[in-house]
Amino acid sequence: MMKTMEEYLNQSYRMVIFEDFDEGGYVISFPDLPGCITSGETIESAFHNA
């Protein structure tokens, strides 16, 4: 049976957070979700964007 969007949104996903020394700020990616990546000027803003 296919999962609903709500079921996918309620799952936990591992985040990888790293500092971007070239551009500045922080980048967050989700290894289980290829292509899902975001960034922010601070860890807090990157987390909010995630």
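**The hairpin of strands 1 and 2 and the loop residue D20**

In the hairpin formed by strand 1 and strand 2, six residues lie between the strands, and G24 adopts a positive phi near 90 degrees. The model is predicted. The two strands of this hairpin, strand 1 and strand 2 (residues 26-29), pair in the antiparallel sense over four bridges. Within this pairing, I17 has I28 of strand 2 as its bridge partner, and V16 stands opposite S29 in strand 2.

The hairpin belongs to an open sheet of three strands with the order 1-2-3 and antiparallel pairing. Strand 1 (16-19) and strand 3 (37-40) are the edge strands, each pairing on one side only. On average, and with direction ignored, neighbouring strands of this sheet are turned by 20 degrees against each other. In a regular strand, side chains alternate between the two faces of the sheet.

D20 is located in the loop between strand 1 and strand 2. This residue is buried but has no salt bridge. The nearest side chain of opposite charge, that of R14, is 18 Å away, whereas a salt bridge requires a side-chain nitrogen of Lys or Arg within 4 Å of a carboxyl oxygen of Asp or Glu. A polar contact is instead found with the backbone: the side chain of D20 reaches the backbone nitrogen of D22 at 3.1 Å. With residues up to four places away in sequence not counted, D20 touches G25, Y26 and V27. Of these contacts, Y26 and V27 fall within strand 2 (residues 26-29).

Notes:
Residues are numbered from 1 along each chain as its sequence is written. This is a predicted model: local features need pLDDT of at least 70, side-chain atom pairs count only at pLDDT 80 or more; totals for chains, interfaces and linings use all residues. Side-chain values use heavy atoms; hydrogens and water are left out. Two strands pair if DSSP finds at least two bridges between them. Axes are lines fitted to C-alpha atoms, for helices over the stretch in contact, and angles run from 0 to 180 degrees between N-to-C directions. Buried means under 20% relative accessible area, exposed over 50%, partly exposed in between (1.4 Å probe, protein chains only). Lys and Arg count as positive and Asp and Glu as negative; His and the chain ends are not counted. A polar contact is a pair of N or O atoms within 3.5 Å; within protein, one must be able to donate a hydrogen and the other to accept it, and residues adjacent in sequence count only if both atoms are side-chain atoms. Contact means heavy atoms within 4.5 Å.
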